[in-house]
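Please open the structure in the viewer and keep the sequence panel in view. The tour proceeds by selection, one stop at a time.

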Amino acid sequence: MSDTLLQIRNLDVDYLLDKGEFRAVKNVSFEIGRGELFGLAGESGCGKSTIAYAITRLSKAPAWVAGGQIILDGQDLLKLPESEMQKVRWKRVGMVFQSAMNSLNPLMRVEAQFHDVLHRHTGCSKSQSRAQAEAMFKLVGIPTSRISDYPHQFSGGMRQRIVIAICLALRPELIIMDEPTTALDVVVQREILEQVIDLQRAYGFSVLFITHDLHLMAQLCHRIGVMLKGELVEVGDVKQVSQSPAHDYTRKLWNAIPQLPRQSRLTGETA
Amino acid sequence: MSIAPHFPIIASEPVIQLEDIERRFGPIQALRGISLSLVPGRALALVGESGCGKTTCARIIARMDQPTAGKLRFQGRDITKTGTAEDERAYRREVQMVFQDPFSSLNPVFSIEHHLSRPILLHRHAVGKAAVSDAVSELLANVGLDPALTRRKFPHELSGGQRQRVNIARALAVRPSVLVADEPTSMLDVSIRMGILELLAQIKQKERLALLYITHDIATAAHVAEEIVVMFAGQMVEWGETNAVIGDARHPYTQLLLSAVPDGSRPFVIGESARFLEQAEKVRALSRPTSTTVEQVGPNHFVRPLAAAS
Amino acid sequence: MMSGLNILLRQKKAVAGLVIICTLCLMAIFAPLIAPGVPGARVGRSHQPPTVEHVFGTTKMGRDVYTQFVWGSRTSISVGFATGIAITVIGTVIGLIAGYVGGRTDAALDLATNAVLVIPNIPLLILLASFAGTVGPLSIMTIIALTSWPWGARMTRSQTLALRNRDFVTAAKMIGEPRWRIIFVELLPNLLPLIGINLVGSIIYAIVAQTTLEYLGFGDPLQVSWGTMLYNAQNSSAIILGAWWDIGAPAAGIALIGLGLALVNFTFDEIANPQLRSGPALTRWLRLSRVRNRSLGATR
């Protein structure tokens with residue numbers, strides 16, 4: 001078992017137009033190791049979300065994977081028939097989207113939704129999935145008594161944590177998070193991401209974290225890739241990319257983000 | 001109980017004043033004890049998480065909502081009660097708003113030219129096709145957009161940042177004295193936020209506007225506003241001069257907010273999540289109860305201390 | 001809006017539909033040229049099958065079906081379109097006002113809408129028609145228009161409610177736009193695809209309603225229209241006697257215009273809901289997907 005979990009090699013993704021096509025992802029290659037937190041940064045439209053959807057082969061028309069390989073643990077996902085791909089999704093590769101908190105069925109209690117997902121992928125019984133759900137709730141810091149509540153009874157941040165919990169319940173090897181906290185407040189954002197770090201250490205899954213906030217990525221990830229107009233312009237260790245970026249665009253991206261004035265770094269201790 | 005505004009009076013008279021504003025929605029107390037002033041040529045940032053009441057505040061100032069108690073003053077006059085249609089129209093000329101969503105703030109069927117000519121025509125700032133056209137060009141140039149290229153375009157042909165600039169231009173076309181910016185950059189990429197914020201700061205100075213900047217991102221507040229009000233659960237918890245509040249935050253909630261701002265040089269530490277969650281919950285629980293006392297901790301720095309713990 | 005027209009023209013269905021409608025309209029307009037003569041004139045033997053001289057055959061009374069068909073299209077198409085437009089206008093205005101203004105105005109208009117909605121259309125028309133004896137095209141138009149608008153009003157109201165809270169409407173209010181302008185200039189263009197669907201549906205409905213009334217004998221026997229043609233054919237037992245052309249021609253006319261309108265309607269649906277769009281890009285994507293899925297399925 002090698003250290004590399006996911007290898008993207010020379011990936012090309014086109015958006016089909018009425019006449020011709022537009023290459024949204026150009027010859028992108030990078031690797032994610034086991035237990036690694038890899039961040040993909042870039043502005044809107046640079047192609048990072050397109051890659052996320054391509055990995056799980058959920059690209060919606062008109063996005064079309066034109067070439068390259070997506071190798072998960074030695075297996076090229078692009079060459080799998082759909083039936084095999086369904087076994088990969090959620091069980092081996094989980095996804096958490098920006099509006100995932102809105103993807104919970106408003107008419108079903110949360111424990112029922114756990115059961116729905118777990119049963120479909122592992123065939124477990126109701127009591128088994130309930131036990132799992134309680135364990136996951138504990139993990140993401142939500143009182144287990146609330147397991148039979150409806151989604152609307154939770155705040156947006158808590159719903160996002162529930163979605164992450166459902167994702168984790170299947171023990172995937174890789175979780176793709178596409179702007180999971182962009183719609184949330186900074187405090188909630190930090191709550192969720194601190195949790196992701198701890199969970200990641202406990203369970204050993206890898207994370208592909210997609211965002212346009214470089215500073216957030218630098219706090220969270222081990223390695224970072226920067227994308228510009230479909231191309232990967234820089235990849236490297238977080239320290240290297242943040243402190244001595246090699247590419248002009250990376251530097252520009254760092255400098256463009258509003259930061260607190262230097263003297264206000266606080267540790268957040270309560271009185 | 002009335003709390004006198006705790007802002008030192010600067011050279012100009014405040015153009016908008018909120019005095020002890022309260023807003024109830026049935027049993028829910030959305031705002032209480034809100035007192036602040038907007039001064040021409042200066043910006044005030046209203047910072048807090050979603051649901052803290054900052055948008056309700058903005059709506060009250062923009063006259064899209066009425067307070068249930070307290071006074072709203074415009075140029076010193078008490079205008080809390082709805083006035084005549086003429087009064088309302090006059091107020092509209094003075095107070096304009098820039099909305100959060102750059103995508104839904106523009107009508108998809110009309111060109112940028114139309115969007116900017118309408119306010120000019122409505123308020124008769126220019127008469128005649130040529131004059132209006134020139135005015136539109138000037139507005140576009142002032143917000144950093146190429147007039148010739150942009151005027152003919154439709155909203156879907158512009159990027160988020162460009163759309164937001166058009167929204168600002170439209171608000172300015174009315175020539176207001178107060179601009180309320182409700183989370184103007186929250187839906188934009190982090191890398192283009194500074195551009196918009198710098199534009200707002202520039203315009204504030206050039207046009208001597210009183211700017212109310214609403215955001216949940218305290219880091220941006222520091223770049224735009226001389227004064228800041230931190231809100232939580234409908235109350236002002238800490239306010240005053242931005243440097244003082246951010247540099248020497250006294251209220252636990254402010255400290256929590258500041259600690260949560262993404263900072264690339266401080267990576268997350270493994271094993272900290274439970275502690276942070278617990279701390280966040282504790283701060284929120286402590287900050288919620290109403291407290292009417294105000295403590296002054298600096299020449300322009302005020303804190304609402306936590307109510308005595310039970 | 002221009003892009004809407006472009007989309008319209010690029011859809012094959014819409015083009016086909018428009019071609020059919022335009023052909024029929026041109027036929028109606030140029031009736032004196034392409035079917036000279038008086039439709040009521042007896043020009044042949046009774047119930048003659050189609051020949052070179054009478055391409056659509058003759059009626060029981062010896063009238064040329066082709067001439068009747070061409071001249072009759074004028075009445076049927078013009079009344080149908082005019083009524084359809086009237087229904088749409090009434091429904092849209094009421095829906096817009098109810099949706100935007102809200103409050104008591106909305107409640108009142110809602111009550112009116114529901115009241116008219118409940119009225120059974122055709123029976124009412126029959127009742128009114130039997131009172132008046134026979135009803136000319138103008139009366140038919142009025143009656144149909146006044147009883148058929150609620151469906152469109154409801155649709156328009158829902159859509160208006162959805163759009164009313166969009167920021168651009170609030171922004172228009174803030175810069176001081178008067179209310180009527182917000183409703184009719186800012187909101188209305190955003191409803192065009194819906195209004196298009198409403199219009200096409202209303203025209204089809206109006207044509208059918210008008211034909212039904214005339215078929216049942218409530219039309220003006222002195223006017224020639226597809227509906228009166230059907231009435232006369234029925235009365236002369238055309239089908240039993242084997243004179244299929246007598247009924248066939250007007251029926252085909254109605255079917256054709258209905259088909260043309262339905263084809264155009266698909267495209268309004270697609271403009272209104274971009275997810276339904278089936279441009280060349282989507283077609284290519286679907287084809288490529290099918291090929292790829294097939295080849296991947298084969299490897300195992």
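The stops below pass from the contact between two chains to individual residues of chain B.

The model is predicted, so that local features need pLDDT of at least 70 and side-chain atom pairs count only at pLDDT 80 or more, while totals for chains, interfaces and linings use all residues. Residues are numbered from 1 along each chain as its sequence is written, and chains are lettered from A and ligands numbered from 1 in the order in which they are written.

Select first the contact between the chains, to which chain A contributes 38 residues and chain B 42 residues; two residues are in contact if their C-beta atoms, placed from the backbone, lie within 7 Å. On the chain A side, α6 (186-203) and α7 (214-220) each supply at least two residues. Helices are DSSP runs of H or I of at least four residues, strands are runs of E of at least two, and both are numbered from the N terminus. The largest share of this side comes from α6(A), with eleven residues.

Next, select Arg63(B), in the loop between α1 (54-61) and β4 (69-74) of chain B. Arg63(B) is not a glycine, yet has a positive phi of about 65°. Arg63(B) is partly exposed because 18 C-beta neighbours lie inside 10 Å; buried requires 20 or more other C-beta atoms within 10 Å, exposed 12 or fewer, and partly exposed lies in between, with C-beta atoms placed from the backbone.

Move to Thr84(B), in the loop between β5 (77-78) and α2 (85-94) of chain B. Thr84(B) is exposed, since 8 other C-beta atoms lie within 10 Å.

Finally, select Arg175(B), between α6 (160-173) and β7 (178-182) of chain B, where phi is near 60°.
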